[in-house]
Amino acid sequence: MDLTTWMATVEADINRRTGTADRTWAWAYVIRAIALNDLLSAPPGQTTDAIWVEPQMAWAMDDLVDAGVRTPPPAVPDVSAADVRTVLTASLRRLILVASIDDPRLPMPLVDACGYAVRRAAVAHHAYAGTLP
(Lines give C-alpha, C1' and ligand atoms only; values in the text may rest on other atoms or scores of the structure.)
Protein backbone atom coordinates (compact mmCIF):
# COMPACT_ATOMS: atom_id res chain seq x y z
CA MET A 1 0.00 0.00 0.00
CA ASP A 2 1.46 3.36 -0.98
CA LEU A 3 1.73 6.23 1.52
CA THR A 4 -1.21 8.17 0.09
CA THR A 5 -3.55 5.18 0.33
CA TRP A 6 -2.21 4.23 3.77
CA MET A 7 -2.74 7.76 5.14
CA ALA A 8 -6.22 7.99 3.60
CA THR A 9 -7.20 4.68 5.20
CA VAL A 10 -5.96 5.71 8.64
CA GLU A 11 -7.40 9.22 8.39
CA ALA A 12 -10.83 7.86 7.42
CA ASP A 13 -10.91 5.88 10.67
CA ILE A 14 -9.46 8.62 12.87
CA ASN A 15 -11.56 11.44 11.42
CA ARG A 16 -14.74 9.68 12.55
CA ARG A 17 -13.81 10.53 16.13
CA THR A 18 -15.66 13.45 17.62
CA GLY A 19 -12.95 15.64 19.06
CA THR A 20 -9.45 16.95 18.58
CA ALA A 21 -8.16 15.14 21.68
CA ASP A 22 -9.68 11.81 20.56
CA ARG A 23 -8.09 12.17 17.12
CA THR A 24 -4.77 13.14 18.70
CA TRP A 25 -4.83 10.04 20.91
CA ALA A 26 -5.69 7.87 17.90
CA TRP A 27 -2.76 9.23 15.88
CA ALA A 28 -0.43 8.67 18.84
CA TYR A 29 -1.74 5.10 19.09
CA VAL A 30 -1.07 4.41 15.40
CA ILE A 31 2.42 5.93 15.56
CA ARG A 32 3.29 4.05 18.73
CA ALA A 33 2.06 0.74 17.29
CA ILE A 34 4.22 1.15 14.17
CA ALA A 35 7.27 2.25 16.18
CA LEU A 36 6.85 -0.60 18.66
CA ASN A 37 6.51 -3.14 15.85
CA ASP A 38 9.66 -1.74 14.24
CA LEU A 39 11.54 -2.05 17.51
CA LEU A 40 10.32 -5.59 18.16
CA SER A 41 11.20 -6.62 14.61
CA ALA A 42 14.84 -5.60 15.01
CA PRO A 43 17.35 -8.42 15.36
CA PRO A 44 18.29 -9.37 18.94
CA GLY A 45 20.72 -6.88 20.45
CA GLN A 46 19.90 -4.21 17.89
CA THR A 47 17.44 -1.36 17.93
CA THR A 48 16.04 1.11 15.42
CA ASP A 49 15.60 4.86 15.37
CA ALA A 50 11.98 4.23 16.38
CA ILE A 51 13.30 4.01 19.93
CA TRP A 52 12.94 7.81 19.97
CA VAL A 53 9.34 7.70 18.80
CA GLU A 54 7.70 4.96 20.88
CA PRO A 55 8.18 6.43 24.37
CA GLN A 56 7.13 9.91 23.26
CA MET A 57 3.86 8.54 21.90
CA ALA A 58 3.29 6.40 25.00
CA TRP A 59 3.67 9.49 27.18
CA ALA A 60 1.41 11.54 24.90
CA MET A 61 -1.26 8.84 25.10
CA ASP A 62 -0.96 8.72 28.90
CA ASP A 63 -1.30 12.52 29.13
CA LEU A 64 -4.44 12.43 26.98
CA VAL A 65 -6.00 9.58 28.96
CA ASP A 66 -5.17 11.32 32.24
CA ALA A 67 -6.96 14.41 30.87
CA GLY A 68 -10.07 12.38 30.04
CA VAL A 69 -9.75 10.95 26.53
CA ARG A 70 -11.68 7.72 26.11
CA THR A 71 -11.72 6.44 22.54
CA PRO A 72 -11.23 2.98 21.07
CA PRO A 73 -7.97 2.22 19.30
CA PRO A 74 -8.02 2.63 15.53
CA ALA A 75 -7.06 -0.10 13.09
CA VAL A 76 -3.40 0.04 12.11
CA PRO A 77 -2.80 -1.14 8.54
CA ASP A 78 0.39 -3.09 7.94
CA VAL A 79 3.53 -1.13 7.12
CA SER A 80 6.42 -2.81 5.35
CA ALA A 81 9.84 -2.46 6.95
CA ALA A 82 10.98 -0.40 3.96
CA ASP A 83 8.14 2.10 4.51
CA VAL A 84 8.36 2.54 8.30
CA ARG A 85 10.43 5.74 8.19
CA THR A 86 8.17 7.39 5.60
CA VAL A 87 4.96 6.39 7.39
CA LEU A 88 6.20 7.42 10.84
CA THR A 89 7.45 10.77 9.57
CA ALA A 90 4.16 11.53 7.78
CA SER A 91 2.11 10.34 10.76
CA LEU A 92 4.06 12.47 13.24
CA ARG A 93 3.45 15.50 11.03
CA ARG A 94 -0.25 14.65 10.86
CA LEU A 95 -0.48 14.30 14.66
CA ILE A 96 1.12 17.73 15.04
CA LEU A 97 -1.45 19.24 12.65
CA VAL A 98 -4.42 17.53 14.32
CA ALA A 99 -3.35 18.31 17.88
CA SER A 100 -2.66 21.95 16.98
CA ILE A 101 -6.26 22.65 15.96
CA ASP A 102 -7.69 25.32 18.24
CA ASP A 103 -10.92 23.85 19.64
CA PRO A 104 -12.55 26.30 22.07
CA ARG A 105 -14.84 23.52 23.36
CA LEU A 106 -11.96 21.57 24.89
CA PRO A 107 -11.54 21.77 28.65
CA MET A 108 -8.15 23.07 29.75
CA PRO A 109 -6.70 19.64 30.73
CA LEU A 110 -7.33 18.39 27.17
CA VAL A 111 -5.87 21.59 25.67
CA ASP A 112 -2.74 21.02 27.75
CA ALA A 113 -2.56 17.32 26.82
CA CYS A 114 -2.87 18.16 23.11
CA GLY A 115 -0.12 20.75 23.52
CA TYR A 116 2.11 18.18 25.17
CA ALA A 117 1.33 15.75 22.33
CA VAL A 118 2.46 18.36 19.80
CA ARG A 119 5.72 18.89 21.67
CA ARG A 120 6.32 15.15 22.07
CA ALA A 121 5.60 14.53 18.38
CA ALA A 122 7.95 17.37 17.41
CA VAL A 123 10.71 15.91 19.61
CA ALA A 124 10.13 12.44 18.17
CA HIS A 125 10.08 13.81 14.62
CA HIS A 126 13.29 15.74 15.19
CA ALA A 127 15.07 12.76 16.73
CA TYR A 128 13.74 10.30 14.16
CA ALA A 129 13.73 12.28 10.92
CA GLY A 130 16.39 14.78 11.88
CA THR A 131 14.23 17.82 11.21
CA LEU A 132 11.44 19.73 12.80
CA PRO A 133 8.14 19.73 10.94
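**Exercise 1. Compare the end-to-end reach of helix α5 with the span expected at 1.5 Å a residue.**

Step 1. In this predicted model, α5 covers residues 108–129, which is 22 residues.
Step 2. The expected span is 1.5 Å times one less than the number of residues. For α5 that gives 32 Å.
Step 3. From first C-alpha to last, α5 reaches 31 Å, close to the expected value.

**Exercise 2. Which residues of α5 are buried, and what covers them?**

Step 1. Buried means under 20% relative accessible area.
Step 2. The α5 residues that pass are Leu110, Ala113, Cys114, Ala117, Val118, Ala121, Ala122, Ala124, His125 and Tyr128.
Step 3. Their cover includes α2 (20–41), α3 (54–66) and α4 (84–99).
Step 4. A general point helps in reading such a list. An α-helix has 3.6 residues a turn, so residues three or four places apart point the same way.

**Exercise 3. Do the same for α3: find its span, its buried residues and their packing partners.**

Step 1. α3 has 13 residues, and at 1.5 Å a residue they should span 18 Å.
Step 2. The end C-alpha atoms of α3 are 18 Å apart, so the two values agree.
Step 3. Buried in α3 are Glu54, Gln56, Met57, Ala58, Ala60, Met61 and Leu64.
Step 4. These buried residues pack against α2, α4 and α5.
Step 5. Look past the end of the helix. Glycine 68 follows α3, and its phi is positive, near 120 degrees.

**Exercise 4. Describe the largest nonpolar core and find which helix supplies its largest share.**

Step 1. The core has 41 residues.
Step 2. Trp6, Ile34, Val53, Met57, Leu88 and Leu95 have the most contacts inside it.
Step 3. At least two core residues come from each of α1 (3–14), α2, α3, α4 and α5.
Step 4. α2 gives the largest share, ten residues.
Step 5. In soluble globular proteins, nonpolar side chains tend to be buried together.
Step 6. Now zoom in on Ile34. Beyond its neighbours within four places in sequence, Ile34 contacts Trp6, Val76, Val79, Val84, Val87 and Leu88.

**Exercise 5. What lines the largest pocket, and how do the lining residues divide by type?**

Step 1. The volume of this pocket is about 160 Å³.
Step 2. Its lining is Ala33, Ile34, Asn37, Asp38, Ser41, Val76, Pro77, Asp78, Val79, Ser80, Ala81 and Val84.
Step 3. Sort them: seven are nonpolar, three polar and two charged.
Step 4. α2 contributes the largest share of the lining, five residues.

**Exercise 6. Are methionine 7, threonine 5 and threonine 20 buried, exposed or partly exposed?**

Step 1. Methionine 7 lies in α1. Its relative accessibility is 12%, so methionine 7 counts as buried.
Step 2. Outside its neighbours within four places in sequence, methionine 7 contacts Trp27, Ala90, Ser91 and Arg94.
Step 3. Proline 77 is 70 residues from methionine 7 along the chain, but their C-alpha atoms are separated by 9.5 Å.
Step 4. Threonine 5 is also in α1. At 38% relative accessible area, threonine 5 is partly exposed.
Step 5. Threonine 5 and threonine 18 are 13 residues apart along the chain, with 23 Å between their C-alpha atoms.
Step 6. Threonine 20 sits in α2. Its relative accessible area is 2%, so threonine 20 is buried.
Step 7. Leaving aside neighbours within four places in sequence, threonine 20 touches Val98, Ala99, Ile101, Asp103, Leu106 and Cys114.

Key
Residues numbered from 1 in each chain as written. Predicted model: local features only at pLDDT ≥ 70, side-chain atom pairs only at ≥ 80, totals over all residues. Heavy atoms only, no water. Helix = DSSP H or I, 4+ residues; strand = E, 2+ residues; numbered from the N terminus. Buried < 20%, exposed > 50% of the residue type's maximum accessible area, 1.4 Å probe, protein only. Contact = heavy atoms within 4.5 Å. 1 Å grid on protein atoms, 1.4 Å probe; cavity = no way out; pocket = protein on both sides within 12 Å on 5 of 7 lines; lining within 4 Å. Points joined across faces, edges and corners; volume = space filled by probe spheres on them. Nonpolar A, V, L, I, M, F, W, Y, C, P; charged D, E, K, R; others polar. Core = buried A, V, L, I, M, F, W, Y, C linked by side-chain atoms within 4.5 Å.
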